[in-house]
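Visitor: I would like a close look at one helix of this protein and at what surrounds it. Please take me through that part slowly and then place it in the whole.

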Amino acid sequence: LDEELLRSQYGDLPLLGVSIVVLVGFAVFSTHGWGNGVATRGLCGAYGVLTSVLSITPAFGVMGLLGIEFVPLCAVVPFLVIGIGVDDMFVLLAAFNRTPIKHEAQERVELMMKEGGVAITITTITDLLAFVVGATLSPFPAVQHFCLFAATAVLFDYALQLSFFVGLVVLDAQRETDRLSIRSYLLSCVTCGCLGGKPQRQGTPQRAVEEAPSFTSLNPAFA
């Protein structure tokens, strides 16, 4: 039975790469401001998936250092954590897109954290409680180990969402404040960093505000 479980679950691991690619495509498509290169959140969508993926390695590393056995059931944890992390990303971006575009980047991120940060904190606490209950009350060692791995991964994902991902959102908000499209922003990062060039702004602030599409109108599910 153990061999069959290992064969079936490890056989699904190659699908992890496929699922990451699909999630990146979905996140970029869902957060992209079609028709407006300045107000797009495509980079943030990709950042959110990357943040979730980055939480897997340290979680598994900590469990290995603590001597917690990796059971076949733990192979499901990466899929679970990526799903939770992408959900947190959408919650934060939805809150960010409800902030006034005329505010400075720091102010917009502060408003985002007051709303979206509280929401993902509550969901993270409930997820952790569920896994802690499973790790302490379940009579099955495999379930206990799975819950420990999942709880640790969720905790790392939460920490990275509030540090790594929020930092990237600040950079993207600054890009929007400077009225740069993603292409111009990436080019300006190269030219300013390597050649000392100056970024080229697009349009005027009022035009950017008028043309900026509503995140919730593009994504009714997050309204």
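Guide: What follows begins with the whole chain, turns to one short helix and its surroundings, and ends with the cores and the surface.

This is a predicted model, and in it the protein has 10 helices and 0 strands, so that the pattern read along the sequence is α-α-α-α-α-α-α-α-α-α. Of the 223 residues in the protein, 39% are buried. Among the contacts with a separation of 6 or more, 74% join residues that are 24 or more positions apart.

The part to look at closely is helix α4, which runs over residues 56–65 and in which Ile56, Ala59 and Met63 are buried. Seen down the axis of α4, these buried residues fall within an arc of 75 degrees, and therefore they line one face of the helix. The general background is that an α-helix has 3.6 residues a turn, so residues three or four places apart point the same way. On the other side of α4, Thr57, Gly64 and Leu65 are exposed. The cover over the buried residues of α4 includes α3 (42–54), α5 (77–96) and α7 (141–177).

The two ends of this helix also deserve attention. Ser55 is found in the loop between α3 and α4, and Ser55 counts as buried because its relative accessibility is 0%, where the cut-off for buried is under 20%. Which residues is Ser55 in contact with, leaving aside its neighbours within four places in sequence? They are Val81, Ala153, Phe156, Asp157 and Leu160. Just after α4, Gly67 takes a positive phi of about 80 degrees.

From here one can turn to the nonpolar interior. The largest nonpolar core has 21 residues, of which Met89, Met112 and Val169 touch the most other members. Two or more residues of this core come from each of α3, α5, α6 (105–137) and α7, and α5 gives the most, with 8 residues. If residues up to four places away in sequence are not counted, Met89 touches Ala27, Cys44, Gly45, Gly48, Gln161 and Phe165. There is also a second, separate core, made of 17 residues, which includes Cys74, Val77, Phe146 and Cys147. As a general tendency, nonpolar side chains in soluble globular proteins tend to be buried together.

Some nonpolar residues nevertheless reach the surface. Leu171, whose place is in helix α7, is partly exposed, because its relative accessible area of 46% lies between the limits of 20% for buried and 50% for exposed. The C-alpha atoms of Leu171 and Ala105 are separated by 8.1 Å, although these two residues are 66 residues apart along the chain. A nonpolar patch on the surface is formed by Leu15, Val18, Val22 and Phe79, which together have about 350 Å² of accessible area. The largest share of this patch, 3 residues, comes from helix α2 (residues 14–31). Val22, which has its place in α2, is exposed because its relative accessible area is 53%, and exposed means over 50%. For the protein as a whole, the accessible surface comes to about 11,700 Å², and 69% of that surface belongs to carbon and sulfur atoms.

Technical notes. Residues are numbered from 1 along each chain as its sequence is written. This is a predicted model: local features need pLDDT of at least 70, side-chain atom pairs count only at pLDDT 80 or more; totals for chains, interfaces and linings use all residues. Side-chain values use heavy atoms; hydrogens and water are left out. Patches are made of residues with over 30% relative accessible area and no salt bridge: like charges are joined within 9 Å, nonpolar side chains (Val, Leu, Ile, Met, Phe, Trp, Tyr) within 5 Å. Accessible areas come from the Shrake-Rupley method with a 1.4 Å probe; for residues, only the protein chains shown count as cover. A salt bridge is a side-chain nitrogen of Lys or Arg within 4 Å of a carboxyl oxygen of Asp or Glu. Helices (H or I, at least four residues) and strands (E, at least two) are DSSP runs, numbered from the N terminus. Buried means under 20% relative accessible area, exposed over 50%, partly exposed in between (1.4 Å probe, protein chains only). The arc is that of the directions from the helix axis to the C-beta atoms. Contact means heavy atoms within 4.5 Å. A nonpolar core is a set of buried Ala, Val, Leu, Ile, Met, Phe, Trp, Tyr and Cys residues joined through side-chain atoms within 4.5 Å.
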